Protein chains: 2
Amino acid sequence: MVTMRDVAKAAGVSTATVSRVLNKSGEVDQTLTERVLRAIQELNYRPNLVARGLRTQATSVVALIISDIENPFFTSVCRGVEDTASRAGFAVMVCNADEDLGKERDYIAMLAAQRVAGIIISPASAELTDISPLQERGIKVLALDRQLPIPTDSVRVDNRSGARTATHHLLASGARRVACITGTHGATTARERLTGYLEALAVAGVEPDPALQHFADFKEQGGYDAVVKVLELADPPDAIFVANNRMTTGALHALVDHGVAIPEDVSIVGFDELPWADVVTPSITTVRQPTYEMGTAAARMLIERIGGDDSAPRDVVFEPELNVRSSSVKSRPERKPLGRKKAK
Amino acid sequence: MVTMRDVAKAAGVSTATVSRVLNKSGEVDQTLTERVLRAIQELNYRPNLVARGLRTQATSVVALIISDIENPFFTSVCRGVEDTASRAGFAVMVCNADEDLGKERDYIAMLAAQRVAGIIISPASAELTDISPLQERGIKVLALDRQLPIPTDSVRVDNRSGARTATHHLLASGARRVACITGTHGATTARERLTGYLEALAVAGVEPDPALQHFADFKEQGGYDAVVKVLELADPPDAIFVANNRMTTGALHALVDHGVAIPEDVSIVGFDELPWADVVTPSITTVRQPTYEMGTAAARMLIERIGGDDSAPRDVVFEPELNVRSSSVKSRPERKPLGRKKAK
DNA sequence: TTGTAAGCGTTATCAA
DNA sequence: TTGATAACGCTTACAA
């Protein structure tokens with residue numbers, strides 16, 4: 001383990017001078033600078049970031065706490081965060097809290113203790129997630145996808161609008177009984193998407209049926225089970241709005257397993273884009289979120305905060321976009337869209 | 001910022017005693033212990049892990065450096081690593097090197113400087129990835145999915161065997177000209193899967209055609225472009241073996257866009273399981289890797305090393321499994337498999 | 001059983 | 001411009 005002392009000794013200077021050379025703080029004589037740099041090179045010295053962090057009370061690490069690392073929505077956001085953050089000289093650490101409040105608390109504690117510069121979090125719960133350990137230490141926090149009880153910067157999409165558009169589209173395309181499979185109760189996104197669905201029903205003058213509304217777990221199995229339940233109803237739905245990508249996959253599995261024709265028997269729209277939406281027959285109508293852009297926006301805002309910006313918290317809301325494909329259009333049997341020459 | 005000193009003062013003891021209580025090291029009087037615990041509670045004290053790490057030269061963090069966070073293979077492995085590691089009291093940080101040697105080097109440097117306890121890495125390059133900064137500091141390293149130049153613990157699948165089985169299956173199912181779309185040159189997995197493909201051809205007495213072999217980028221676009229190239233050949237293939245999940249998605253896009261019938265015109269087998277392999281028509285034949293198990297095995301081995309195990313490096317090789325579905329069977333038109341009652 | 005004090009590898013404040 | 005030296009918050013001999 002070669003330390004700054006070793007470098008100083010080798011270069012015949014003090015550690016203070018080595019530090020100044022390293023951080024380009026203060027003026028250092030040209031000759032000494034060269035001696036120091038050579039010593040660093042020869043000894044293959046690497047500064048100890050733990051010690052530096054202890055001394056400066058700051059690191060150039062930002063963390064990303066997500067609730068499901070197996071969900072393409074989050075991994076795509078990750079990419080956006082990372083591209084922006086690493087360009088600004090920050091390393092990104094991803095922590096998977098897995099919708100688990102306990103794990104989330106542990107990660108928050110750990111990151112607070114590690115003195116990361118900032119964190120982007122997709123909270124497991126709107127009410128119960130506690131970011132006070134971070135705020136106490138002045139660590140900047142940005143809420144992603146979901147909001148927090150305390151006002152903080154946030155980046156998300158207009159979930160109600162997206163759900164409304166999707167539901168409206170199903171009704172307009174010939175559906176009359178639309179089911180809604182949304183996520184866990186705790187997540188604001190799940191509740192907002194349900195609200196949007198209900199709003200669209202109201203606008204169309206359709207009486208909502210509680211039997212058609214399900215809270216599932218945001219994963220494949222949850223989507224599968226919920227669909228099985230609504231299919232077993234005496235009066236089953238002729239359309240389903242599914243509130244996220246993984247549940248949509250599960251829902252499709254269930255429909256296929258039960259020999260349900262899509263969209264003739266049941267049409268379907270899923271929230272979140274699917275890489276394979278165009279590969280399947282019928283192709284799947286989705287509500288696309290601008291995931292990558294959300295990631296870059298989140299990183300940019302967080303880094304500004306770290307840079308000292310202390311203006312009022314901002315809430316950036318992106319607009320999701322309905323991508324109409326074949327799974328949702330009952331009336332006129334659509335042809336597979338032509339002319340695509342590029343993979344997603 | 002409340003430190004150990006504050007706690008000590010509040011409890012009327014020394015920091016040494018507080019430390020002993022905290023770490024359950026040494027015997028501490030019952031009364032004092034209680035006073036300390038109460039002070040900790042009242043002041044809401046949180047130990048500073050940076051300082052502790054500086055002092056003990058160790059942290060209970062393991063890092064995972066992966067080459068593509070958008071690839072479900074890696075995210076599933078992550079889950080395995082995390083479940084095992086967090087049960088053993090380790091936090092897991094995921095870093096996305098993105099097949100980029102520069103980023104990878106930066107992350108290695110950073111993690112070395114942070115003094116993580118160990119890292120699991122899927123190296124960007126078999127030859128150029130340099131883990132010496134880690135080894136110099138005694139940080140345990142395990143290679144995942146791909147191997148390293150230096151002997152280290154490793155967890156991977158038998159890529160040659162998987163590719164051989166897939167290719168053999170295509171030939172046995174009626175294909176006569178099989179193309180192979182593999183990953184980047186740098187990755188051992190890409191080369192091994194190509195080798196397996198060639199071996200299967202050799203066994204079947206089929207002359208390999210370089211025009212049917214492509215190195216792509218492990219992503220959708222690469223798979224798409226490669227398929228377009230082989231389709232434009234004067235003598236196009238009647239089957240394709242694709243060496244990973246994302247490229248398989250791209251390959252399917254290309255086939256669909258070009259109106260190619262699967263499996264009648266071209267049959268296809270993809271390496272890596274796809275969550276939606278059963279949802280599409282035809283369902284997609286895949287070579288499944290036991291991703292989650294690989295993650296748990298990797299974490300277990302790494303943690304044993306951290307615990308002091310210094311036996312010879314182990315190379316754990318899992319066997320991939322061919323999952324025959326409809327996309328690969330030309331001869332007898334298969335019925336959709338029945339009896340599945342559970343989503344993936 | 002408890003406290004004192006010496007580090008861990010940096011950075012920053014002084015004097016020189 | 002440079003160098004002692006005192007923190008940063010913690011753990012751990014060693015002494016009491």
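Two residues are counted as in contact if their C-beta atoms, placed from the backbone, lie within 7 Å. This is a predicted model, in which local features need pLDDT of at least 70, side-chain atom pairs count only at pLDDT 80 or more, and totals for chains, interfaces and linings use all residues. Residues are numbered from 1 along each chain as its sequence is written, and chains are lettered from A and ligands numbered from 1 in the order in which they are written.

In chain B, helices α5(B) and α12(B) (DSSP runs of H or I, at least four residues, numbered from the N terminus) share a contact. Among the residues of α5(B) in it are Phe73(B), Val77(B), Arg79(B) and Asp83(B), and those of α12(B) include Tyr292(B), Met294(B), Arg300(B) and Ile303(B). The residues of this contact divide into 10 nonpolar, six polar and four charged. Here Ala, Val, Leu, Ile, Met, Phe, Trp, Tyr, Cys and Pro count as nonpolar, Asp, Glu, Lys and Arg as charged, and the others, Gly among them, as polar.

Around DNA strand C there are 28 residues (near means a C-beta atom, placed from the backbone, within 6 Å), and the closest include Met4(A), Asn48(A) and Asp29(B). By class, this surface has 12 nonpolar, 11 polar and five charged residues. At least two of its residues come from each of α2 and α4 of chain A and α2 and α4 of chain B.

Chain A has three domains, with bounds from an automatic or database domain assignment:

| Domain of chain A | Residues |
|---|---|
| Domain 1 | 1–45 |
| Domain 2 | 47–156 + 291–319 |
| Domain 3 | 159–289 + 323–328 |

The C-alpha centres of domain 1 and domain 3 of chain A lie 63 Å apart.
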